[in-house]
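Me: I should like to go through this structure by question and answer. Please give the cut-off behind each term when it first appears.

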Amino acid sequence: HVQLVESGGGSVQAGGSLRLSCVVSGYTYSGNCMAWFRQAPGKQREAVASYAGPRYINYADSVSGRFTISEDKAKHTLYLQVNSLKPEDTAVYYCAADLGGSWPGRAEKVKYWGQGTQVTVS
C-alpha cells in the first residue's frame, strides 16, 4: 500500500524557512517520480518540485533557487526545504507519487497524494 504522510508546515514571516517532510511507504520511484505540489487559496494545485534521484530534479520557475528537494533513503523520507519564503508561497503543500507523465506534473494525473501540510507566510 502506498502511503505518503507530510509534516513540517507552519507559519513564518517573509524571508523565513521551513523543511517539509514526506514519509513514504509502499512505493518505489524509479521511472515515475515523486513530487511536491502546492495549492494556494483560489488557485489550481501546481507542481513545485520533482525528484527521481539526486540527478533527476526539477523545480518550478517560481521556486527555483529558493526551494530544494531531497531524500533520506534510510528514513524513507522526501524533503522540501523552502527558503526565502514569500507571501505568494502560502499554500497547502502536498507530497505526490507517480505523476503520470514528465515534468511539469499535472495534478489530475497524480496517482497518490499525501494529506497536505499548511505553509503560511506573512
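Me: Does His76 count as buried or exposed, and at what relative accessibility?

Reply: This is a predicted model, in which local features need pLDDT of at least 70, side-chain atom pairs count only at pLDDT 80 or more, and totals for chains, interfaces and linings use all residues. Residues are numbered from 1 along each chain as its sequence is written, and side-chain values use heavy atoms, with hydrogens and water left out. Buried means under 20% relative accessible area, exposed over 50%, and partly exposed in between, with a 1.4 Å probe and protein chains only. His76 therefore counts as exposed, with a relative accessibility of 52%.

Me: Where is His76 found, and what is its phi?

Reply: Strands (E, at least two residues) and helices (H or I, at least four) are DSSP runs numbered from the N terminus. His76 is found in the loop between β7 and β8. Although His76 is not a glycine, its phi is positive, at about 50 degrees.

Me: Which residue in the loop between β8 and β9 has a positive phi although it is not a glycine?

Reply: The residue has a relative accessibility of 40%, so it counts as partly exposed. Its phi is about 50 degrees. The residue in this loop is Ser84.

Me: In what order do the four strands form the open sheet?

Reply: Two strands pair if DSSP finds at least two bridges between them. The pairing in this sheet is antiparallel. β1 (3–7) and β7 (67–72) stand at the edges with a single partner strand each, so one side of each lacks a neighbour in the sheet. The order is β1-β3-β8-β7.

Me: Over how many bridges do β1 and β3 pair?

Reply: Strand β3 covers residues 18–25 and pairs with β1 in the antiparallel sense. Leu4 has Val24 as its bridge partner in β3, and Glu6 stands opposite Cys22. The number of bridges is five.

Me: Which side chains of β1 point to one face and are buried?

Reply: In a regular strand the side chains alternate between the two faces of the sheet. Along β1, Gln3, Val5 and Ser7 point to one face and are not buried. Those pointing to the other face, which are buried, are Leu4 and Glu6.

Me: Which backbone oxygen does the side chain of Thr77 reach, and at what distance?

Reply: Thr77 lies in strand β8 (residues 77–82) and, at 7% relative accessibility, counts as buried. Contact means heavy atoms within 4.5 Å; beyond its neighbours within four places in sequence, Thr77 is in contact with Ser21, Cys22, Val23, Ser70, Glu71 and Asp72. A polar contact is a pair of N or O atoms within 3.5 Å; within protein, one must be able to donate a hydrogen and the other to accept it, and residues adjacent in sequence count only if both atoms are side-chain atoms. The side chain of Thr77 reaches the backbone oxygen of Lys75 at 2.8 Å.

Me: Which two residues does a cis peptide bond join?

Reply: The second residue of the pair, a proline, is found in the loop between β9 (91–97) and β10 (112–113). Omega is about 0 degrees for this bond. The residues joined are Trp103 and Pro104.
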